[in-house]
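Before reading on, please take a moment to look over the sequence and to turn the model in space. The paragraphs below then go through it one region at a time.

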Amino acid sequence: MNIARIFKGIKRRMSRSPGQEMVAKPSTPSGEDAFVYSQEWYDQSYHIGRVGVDHRTFEDVRDQYETAGYHRRLNRVLDRVRIPDKPIKWLEVGCHLGLTAYWIAERFPQAHLYMFDFSISSITWCKTWFPYKLRATIWEGNVENICLPNDSLDNFFDFATCIDVTEHLPESTYQKMILELLRVLKIGGSLILMQGNTPNVEHIHILAEDRLVSDFWSAGFKLVKKLPDRYYLFRK
Ligand SMILES: C[S@@+](CC[C@H](N)C(=O)[O-])C[C@H]1O[C@@H](n2cnc3c(N)ncnc32)[C@H](O)[C@@H]1O
């Protein structure tokens, strides 16, 4: 499969509506399109422009993130969570390049991964490269409405991970996502939460850690424990 050609098609689809000329957008000094919270910005500037999903391989990206310590950090967290050795349904919110989903699938062979993102280029990448496709359901979707075309996913998941996502969301989207996570987790299901806090242009919603925890708690989640590296384990 020619991944560069697929992404060229996506770029064309996103930057030009039928019958319209392509309009140059204002750029930052780094050459990235100016940040506007939108699916298009994540498609073009974040996933294609910054990460290079239109020309890089999965191994290349995975090695970069592993060298940067993301895999080690996730393992330190998972070491402290009891995860049963039986078939489980695991939701990975805002799956980006599918790396968290990949490391979970690798570590828990009985887990089926449900992974979504609102970015077409992210989902195209995951559908092309995700190594455990037979144990994954991958779709384009919004945190405001977590469902599949033929399934509302009420009380469906044993586990969910929401890692490096909340800081990207406008306040109202963030609030809707908390309620959606509560709806789709089974009673007794677990949520592993962590917000990124680096000062990036797209991190429009970095919260005080107390506020983050109390938002999930007020919505009805129980805080089970604080995990390493500002991760939290909640239960429904
Ligand atoms: C830093 S990445 C998440 C990393 C990923 N969870 C992991 O651990 O590998 C943030 C992702 O959130 C996605 N995103 C932002 N707003 C969204 C929304 N409203 N619905 C779904 N995905 C969204 C972006 O497209 C981006 O891929």
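Two residues are said to be in contact when their C-beta atoms, placed from the backbone, lie within 7 Å. With this meaning in mind, and remembering that the model is a predicted one, we can begin with a single glycine: setting aside residues up to four places away in sequence, Gly141 touches Phe116, Phe118 and Ile146. Gly141 sits in the loop between strand 3 and strand 4, and it is buried, because 20 other C-beta atoms lie within 10 Å and a count of 20 or more is what the term requires. Its C-alpha atom is separated by 9.2 Å from that of Ile120, a residue 21 places apart from Gly141 along the chain.

From this one position we can step back to the whole. The protein chain holds 8 helices and 7 strands, and of its 236 residues 33% are buried. If one takes the contacts between residues at least 6 apart in sequence, 64% of them join residues at least 24 apart.

In soluble globular proteins, nonpolar side chains tend to be buried together. Here the largest nonpolar core has 50 residues, and those with the most contacts inside it are Leu113, Met115, Ala160, Leu191 and Leu193. Met115 can serve as an example of how such a residue is surrounded: not counting residues up to four places away in sequence, it touches Glu92, Cys95, Gly98, Ala101, Cys126, Ala136 and Ile138.

Cys126 leads on to helix 6, where it is one of the buried residues, together with Ser121, Ser122, Ile123, Thr124, Trp125 and Trp129. Helix 6 is mostly covered, with 7 of its 10 residues buried. Part of the surroundings of helix 6, which spans residues 120–129, is helix 2, made of residues 39–51; the two pack with their axes 8 Å apart and at an angle of about 45°. Helix 2 and helix 6 are therefore oblique to each other, since their angle is neither under 35 degrees, as roughly parallel helices would need, nor within the 65 to 115 of roughly perpendicular ones. On the side of helix 2 the residues that meet the partner are Asp43, His47 and Ile48, while on the side of helix 6 they are Ile120, Ser121, Ser122 and Trp125. Sorted by class, this contact of helix 2 with helix 6 has 3 nonpolar, 3 polar and 1 charged residues.

Which residues come nearest to the ligand? Of the 18 residues around it, these are Tyr42, Gly94, His96, Thr100 and Phe118. The shell around the ligand divides into 8 nonpolar, 8 polar and 2 charged residues. His96 belongs to the loop between strand 1 (88–93) and helix 5 (99–107), and it counts as buried because it has 25 C-beta neighbours inside 10 Å. The backbone of His96 also deserves a look, with phi near 60°, a positive value in a residue other than glycine.

Leu153, too, has a positive phi, of about 65°, although it is not a glycine. Leu153 is placed in the loop between strand 3 (136–140) and strand 4 (157–163), where it is partly exposed, with 16 other C-beta atoms within 10 Å.

Some further positions show how residues that are separated along the chain are placed in space. Ile206, in the loop between strand 5 (185–194) and helix 8 (209–219), is partly exposed, as it has 16 other C-beta atoms within 10 Å. Ile206 lies 38 residues from His168 in sequence, and the two are 8.0 Å apart in space, C-alpha to C-alpha. Leaving aside neighbours within four places in sequence, Ile206 is in contact with Glu167, Gln195 and Asn197.

Is Glu171, by comparison, buried or exposed? With 10 C-beta neighbours inside 10 Å, Glu171 counts as exposed, and its place is in helix 7 (residues 171–184). The C-alpha atoms of Glu171 and Ile204, which are 33 residues apart along the chain, are separated by 9.1 Å. Arg80, found in the loop between helix 4 (70–78) and strand 1, is likewise exposed, with 12 other C-beta atoms within 10 Å. Between the C-alpha atoms of Arg80 and Lys226 there are 9.8 Å, although these residues are 146 apart along the chain.

Note on methods. Residues numbered from 1 in each chain as written. Predicted model: local features only at pLDDT ≥ 70, side-chain atom pairs only at ≥ 80, totals over all residues. Near = placed C-beta within 6 Å. Nonpolar A, V, L, I, M, F, W, Y, C, P; charged D, E, K, R; others polar. Axes fitted to C-alpha atoms, helices over the stretch in contact; angles between N-to-C directions. Helix = DSSP H or I, 4+ residues; strand = E, 2+ residues; numbered from the N terminus. Parallel < 35°, antiparallel > 145°, perpendicular 65-115°, else oblique. Core = buried A, V, L, I, M, F, W, Y, C linked by C-beta atoms within 7 Å.
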